[in-house]
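Hi everyone, thanks for making time for this. I'd like to walk you through a model with the sequence and the structure on the screen, so do keep both in view while I talk.

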Amino acid sequence: MTGEAGPVIRPYGDTTGDGRVQLSFTLPVPFGTEHERAVAEGAALQLAAKMGLEPAMVVHAKGMGPAFTFFIVYGRSSHLVDLSEVTVAEREFPVLPAAEINLRIRSGLGREMVVLGACIGTDAHTVGIDAILNVKGHAGEKGLEYYREMRVVNLGAQVDVAHLVARAAAEHADAVLVSQVVTQRDAHLAGARALADAFSTGMSGGGASGGERRGRPLLVVGGPRFDPTMATELGVDKIFGRGTTPREVASYLVHTLTPEPAAAGAGS
Amino acid sequence: MVRAARDLARIAGQPIVDMARSHSTVSVERAVLRLAGLDGADEGGMPWVNRLVDAVRETTGLEHGVALPAWDALVTGGYPSLSALARDAAAGAVKFRLPEGADAAAARAAAHAALARGFAAVDTRRAQREAIIGETSDPPKPWIYLIVATGDIYEDIPQAQAAAREGADIIAVIRSTGQSLLDYVPEGATREGFAGTYATRENFRLMRAALDQTSRELGRYVRLTNYASGLCMPEIAALAGLERLDMMLNDCMYGIIFRDINPRRTFIDQRFSRQIHARAGIIINTGEDNYLTTADAVDAAHTVVVSQLLNEFFGTEAGLADWQLGLGHAFEINPEVPDSFLLELAHAQLVRELFPDAPLKYMPPTKHMTGNVFGGYLLDAFFNLAGVMTEQSILLIGMMTEGIHTPFLSDRDLALENVRYVARAAGRLGENFRPPAGGFVQQRAQQVLAEAVDLLRRIGADGLLNAIADGTFGITRRPADAGRGLDGVFQRADGYFNPAAEFLEGQES
């Protein structure tokens with residue numbers, strides 16, 4: 001679809017082209033006296049108009065405490081949507097549902113996937129790695145420990161890089177996840193480089209993915225201040241920035257470590 | 001069958017109690033110092049209780065408890081306070097020893113006197129709660145439970161007061177993500193947190209004071225809840241007792257499963273923390289609802305009942321009365337499942353009948369809240385209906401934007417409108433429509449109970465720690481020798497002395 005000229009469309013209420021939409025919002029205005037109510041509804045209509053909803057109708061308004069009013073508004077959007085101008089951010093891997101991630105590991109790897117996690121160096125902030133690994137998870141998604149086909153070893157904070165390399169070898173880790181929160185004097189970048197160096201000298205490189213053990217585990221780094229485009233420069237396989245969810249990480253791991261499932265039926 | 005289930009829970013739980021009675025932890029020892037009045041932190045923010053316990057641990061060890069060496073040093077060193085002692089100890093300027101004879105007796109007496117003052121303060125807080133409830137009123141059940149979580153205590157306070165005015169009977173201040181993994185309790189009023197606000201003594205005090213004001217304004221006592229879970233269960237329990245919190249999440253299974261906290265550590269911590277809650281008149285909330293966010297709510301329904309029976313045993317053993325056992329469960333069955341509402345009713349009714357005097361905590365749907373806020377609002381209404389029909393005591397109010405963002409002001413208002421409508425329209429539905437004998441609902445309840453009895457029997461045979469290691473709860477495997485905090489566990493030596501335990505085991509009051 002991308003690149004083709006698409007039609008111009010409007011929201012659909014009950015008639016093609018009617019442009020009707022609904023929205024709800026709260027304004028910090030009182031809704032007590034008759035005058036206050038009139039002002040509140042007028043304020044809501046003004047906001048709707050500025051959002052491109054004209055004409056608009058306040059179908060519900062309710063005071064919440066002495067200082068706030070909640071509104072439900074219906075209106076006609078004056079905006080047009082040009083489908084040819086829609087751009088879709090291309091991700092190098094699809095984000096999969098948990099069940100499919102487990103299935104891909106089972107069928108593609110034929111054994112459990114071993115994931116090692118740690119905060120390295122002096123960084124004691126485990127919030128990031130715990131959000132990705134703990135069952136508790138993050139942003140409504142369970143962490144990697146929740147995936148039946150993954151074995152997660154969380155080494156916690158202030159792990160020495162040499163120790164991490166040794167544990168990765170001992171556990172036959174498929175992937176090593178390191179989070180770095182502390183950024184004073186670019187500590188996060190130095191940490192990532194130290195990680196890459198230690199693994200390139202501490203373990204033999206290369207090897208096939210899939211059913212075979214890789215010589216070196218996949219190196220994944222994450223933290224709120226990382227630039228995701230710097231992976232190659234830092235010598236790691238992947239960088240995740242702020243707002244990454246556990247399922248994105250899990251999807252990346254299966255995408256990279258397990259072969260694509262054979263195309264079914266009539267093909268892709 | 002119910003009696004058999006309770007007997008089996010006792011058999012399964014007793015080895016854990018025996019372990020807790022023969023061991024202690026760094027957090028138990030720090031809680032003793034907190035109850036004795038040691039507050040504050042060093043320049044780096046590390047609490048003095050940590051510094052003092054660490055210093056004792058490095059010299060005499062903790063096998064005899066922190067109290068004997070600490071109060072011996074206090075008495076013989078002529079220190080005016082525990083904090084003065086802690087400062088010197090942190091600087092390496094105190095030589096601790098295990099006193100004997102008359103010296104030991106003097107140290108014990110001094111420790112005993114300090115803890116007597118601490119428990120007097122806890123008892124005063126408890127009496128204060130009764131007094132304020134008397135002068136305002138105790139709201140009828142179900143109590144409406146709402147959450148605030150801005151990260152900034154000074155932002156939380158007006159939100160909590162607004163929520164109380166909108167109808168909340170209980171305010172829970174969600175903790176900052178990851179506080180359960182800190183092996184110390186932060187100090188002071190805090191203004192930043194990750195998706196929650198740190199549990200500190202000062203934050204507890206500020207919020208309780210604000211809610212007292214609101215309680216008087218509304219003529220209705222508004223309860224305050226926080227979380228005694230994680231690596232500092234006993235310490236947070238002590239602070240909750242000292243600052244008159246009213247309910248505490250207290251269930252070490254949550255820490256084990258969701259935070260990979262070592263099972264031994266946290267079961268030992270849990271017992272002591274529950275003893276403190278018992279003394280403080282605090283209602284605990286347990287976290288069985290959490291299992292259903294990872295496991296399937298139909299397949300794993302019996303694990304909730306098993307855990308509730310175990311929590312009842314552990315809680316009662318620690319001195320909690322039935323009215324303090326806020327056992328948890330949840331409305332988490334996939335709405336696509338046929339008869340899902342009937343299954344929910346069966347589960348909720350079973351729990352109500354098993355624990356007739358417990359203030360059951362019923363949690364709203366989270367797992368099947370898809371982002372369709374309209375569908376979610378409907379699901380929350382059904383949750384409210386199940387809650388009022390089966391007379392649940394504490395209803396955590398579901399937000400239609402669950403899983404999207406922390407609730408908007410309007411989300412909370414709509415949620416309260418939802419529960420008020422259901423309670424008004426159908427509050428007496430339960431007494432008017434009983435499930436027919438031998439019908440689907442009753443059969444399902446019987447089936448869940450039978451599965452729970454089977455599982456309890458297996459746990460009794462294999463040991464609870466092994467069951468947890470095998471992933472029985474929340475389908476997560478947690479071996480007894482792994483996880484965080486195991487290095488803070490030690491076996492009690494002969495002559496172990498805990499001056500707080502003397503008050504809590506009921507030998508003194």
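**Where the chains meet**

Let's start with the contact between the two chains: 18 residues of chain A are in contact with 20 residues of chain B. On the chain A side, the elements that give two or more residues to this contact are E2, E4 and helix H3 (127–133) of chain A. By class, that side of chain A has six nonpolar, eight polar and four charged residues. Before going on, please remember that this is a predicted model.

Now a little about chain A itself. Its secondary structure comes to seven helices and ten strands. Chain A has 268 residues, and 34% of them count as buried. If you like contact maps, here is one for you: among the contacts in chain A with a separation of 6 or more, 65% are between residues 24 or more positions apart.

Two of the elements I just named sit in one sheet, so let's turn there. What is the order of its three strands? Reading across this open sheet of chain A, you get E2-E4-E3, with antiparallel pairing. Strand E2 (20–27) and strand E3 (53–64) of chain A are the edge strands, each with a single partner, so one side of each is left without a neighbour in the sheet. Neighbouring strands here are turned by 20° against each other on average, direction ignored.

Zoom in on the hairpin. E3(A) pairs with strand E4 (residues 68–77) of chain A in the antiparallel sense, over nine bridges. At the turn end of the listing, A:Met64 stands opposite A:Phe68, and A:Gly63 stands opposite A:Thr69. Three residues lie between the two strands, and in this hairpin A:Gly65 takes a positive phi near 70°. Lying across E2, E3 and E4 of chain A is helix H1 (residues 34–50), which runs at about 140° to E3(A).

Next, a strand elsewhere in chain A. Are the residues of strand E8 buried or exposed? Five of the five residues of E8 (residues 175–179) of chain A are buried, so this strand is largely enclosed by the rest of the structure. As a reminder, in a regular strand the side chains alternate between the two faces of the sheet. For E8(A), A:Ala175, A:Leu177 and A:Ser179 are on one side, with A:Val176 and A:Val178 on the other, and both faces are covered.

E8(A) also has strand partners. Strand E6 (residues 113–119) of chain A runs parallel to E8(A), joined by five bridges, and there A:Gly117 has A:Leu177 as its bridge partner. Strand E9 (residues 218–222) of chain A pairs with E8(A) in the parallel sense, again over five bridges. In that pairing, A:Val176 is matched with A:Leu219.

Over to chain B, and to helix H3 (residues 48–59). This helix has twelve residues and reaches 17 Å from its first C-alpha to its last, close to the 16 Å expected at 1.5 Å a residue. Its buried residues include B:Trp48, B:Asn50, B:Arg51 and B:Leu52. The buried residues of H3(B) pack against helix H2 (26–35), helix H4 (67–77) and helix H5 (82–90) of chain B. After H3(B) comes B:Gly61, with a positive phi near 85°.

One residue in H2 of chain B deserves a stop: B:Arg30. Why does B:Arg30 count as buried? Because 28 other C-beta atoms lie within 10 Å, and the cut-off is 20 or more. Leaving aside neighbours within four places in sequence, B:Arg30 is in contact with B:Val49, B:Asn50, B:Val53 and B:Glu235.

Finally, the cores. In soluble globular proteins, nonpolar side chains tend to be buried together. The largest nonpolar core here has 216 residues, of which B:Leu52, B:Ile171 and B:Leu456 touch the most other members. Helix H18 (residues 440–462) of chain B gives the most to this core, with nine residues. Not counting residues up to four places away in sequence, B:Leu52 touches B:Leu33, B:Leu38, B:Ala70, B:Leu85, B:Ala86 and B:Ala89. Apart from this core lies another, of ten residues, among them A:Val21, A:Ala40, A:Ala48 and A:Ala56.

That's my tour, and I'm happy to take questions.

Notes
Residues are numbered from 1 along each chain as its sequence is written. Chains are lettered from A and ligands numbered from 1 in the order in which they are written. This is a predicted model: local features need pLDDT of at least 70, side-chain atom pairs count only at pLDDT 80 or more; totals for chains, interfaces and linings use all residues. Two strands pair if DSSP finds at least two bridges between them. Helices (H or I, at least four residues) and strands (E, at least two) are DSSP runs, numbered from the N terminus. Axes are lines fitted to C-alpha atoms, for helices over the stretch in contact, and angles run from 0 to 180 degrees between N-to-C directions. Two residues are in contact if their C-beta atoms, placed from the backbone, lie within 7 Å. The expected span of a helix is 1.5 Å times one less than its number of residues. A residue is buried if 20 or more other C-beta atoms lie within 10 Å of its own, exposed if 12 or fewer, and partly exposed in between; C-beta atoms are placed from the backbone. Ala, Val, Leu, Ile, Met, Phe, Trp, Tyr, Cys and Pro count as nonpolar, Asp, Glu, Lys and Arg as charged, and the others, Gly among them, as polar. A nonpolar core is a set of buried Ala, Val, Leu, Ile, Met, Phe, Trp, Tyr and Cys residues joined through C-beta atoms within 7 Å.
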